[in-house]
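This report describes the fold of one protein chain and how its parts pack together. Please view the sequence and the structure below before reading on.

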Amino acid sequence: MPVLVPLMTTPILIFTIVLVVTSVTLALFVLLHKGRGGGLSDLFGGGISSSMGGSSVAERNLDRLTIIIAVIWLACIVALGLLYKLGS
C-alpha cells in the first residue's frame, strides 16, 4: 500500500509564495529598465544620467537588483522541482 504524501508541505508552500513574489517583482524590474527610447525608469530618475558616464547609478542598481531577483527566482524553481521529485 503506497504512502500518501500531501502535495502542499510547508517548504513547498514557502517556495511557492517566494516564487510568486519574485515573479511579479522580476516582471516589474524588467519593465523599469531603459529600452531604446527611454523607459519607465525615467519616472524614477533613471533618465538623469551624465553624457560621459554611460548608464546612471540608478540604472546600474536596477541591473543588480534584477540579477539578484532572477537568481532567487531560479533557485525557487530548482528547489520546487527537487521538493516535488523527492515528495513523489
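A residue is called buried here when its relative accessible area is under 20%, exposed when that value is over 50%, and partly exposed in between. By that cut-off, the buried residues of helix 2 are Glu59, Leu62, Thr66, Ile69, Cys76, Ala79 and Leu80. The model is a predicted one.

**Overall make-up**

The secondary structure of the protein chain consists of two helices and zero strands. Of its 88 residues, 19% are buried. The accessible surface of the protein chain is about 6,600 Å², and carbon and sulfur atoms hold 76% of that area. Among contacts in the protein chain with a separation of 6 or more, 67% join residues 24 or more positions apart.

**The two helices**

Helix 1 covers residues 10-32. Its 23 residues should span 33 Å at 1.5 Å a residue, and the end C-alpha atoms are 33 Å apart, so the expected and computed spans agree. Helix 2 takes in residues 57-87. With 31 residues, helix 2 reaches 45 Å from its first C-alpha to its last, close to the 45 Å expected at 1.5 Å a residue.

The UniProt record, in an unreviewed entry, places the feature "transmembrane region" at residues 12-32 and 65-84. In the model, residues 12-32 are 100% helix and 0% strand, with end C-alpha atoms 30 Å apart. Residues 65-84 are likewise 100% helix and 0% strand, and there the end C-alpha atoms are 28 Å apart.

**Packing between the helices**

In helix 1 the buried residues are Ile12, Leu19, Thr22, Leu26, Phe29 and Leu32. These buried residues pack against helix 2. Seen from the other side, the cover over the buried residues of helix 2 includes helix 1.

Which residues does Thr66 touch, not counting those up to four places away in sequence? They are Leu26, Phe29, Val30 and His33. Two of these partners, Leu26 and Phe29, are themselves buried residues of helix 1. Thr66 lies in helix 2, and it counts as buried because its relative accessibility is 12%, below the 20% cut-off.

Pairs of C-alpha atoms also relate distant parts of the sequence. Ile77 and Leu19 are 58 residues apart along the chain, yet their C-alpha atoms are separated by 7.4 Å. Leu19 is buried in helix 1, whereas Ile77, in helix 2, is partly exposed at 36% relative accessibility. A second pair is Thr9 and Tyr84, 75 residues apart along the chain, with 9.9 Å between their C-alpha atoms. Thr9 is found in the segment before helix 1.

**Accessibility of selected residues**

| Residue | Relative accessibility | Class |
|---|---|---|
| Thr66 | 12% | buried |
| Thr9 | 27% | partly exposed |
| Ile77 | 36% | partly exposed |
| Leu82 | 49% | partly exposed |

**A nonpolar patch**

Trp73, Leu74, Ile77, Val78, Leu82 and Leu86 form a nonpolar surface patch of about 580 Å². Leu82, one of its members, has its place in helix 2. Is Leu82 exposed or partly exposed? At 49% relative accessibility, Leu82 counts as partly exposed, because the exposed class needs a value over 50%. Ile77 is also a member of the patch, and its C-alpha atom is the one separated by 7.4 Å from that of Leu19.

Conventions. Residues are numbered from 1 along each chain as its sequence is written. This is a predicted model: local features need pLDDT of at least 70, side-chain atom pairs count only at pLDDT 80 or more; totals for chains, interfaces and linings use all residues. Side-chain values use heavy atoms; hydrogens and water are left out. Helices (H or I, at least four residues) and strands (E, at least two) are DSSP runs, numbered from the N terminus. Buried means under 20% relative accessible area, exposed over 50%, partly exposed in between (1.4 Å probe, protein chains only). Contact means heavy atoms within 4.5 Å. The expected span of a helix is 1.5 Å times one less than its number of residues. Patches are made of residues with over 30% relative accessible area and no salt bridge: like charges are joined within 9 Å, nonpolar side chains (Val, Leu, Ile, Met, Phe, Trp, Tyr) within 5 Å. Accessible areas come from the Shrake-Rupley method with a 1.4 Å probe; for residues, only the protein chains shown count as cover. A salt bridge is a side-chain nitrogen of Lys or Arg within 4 Å of a carboxyl oxygen of Asp or Glu. UniProt positions are given in the numbering used here, feature names are shortened, and annotations may be inferred rather than shown by experiment.
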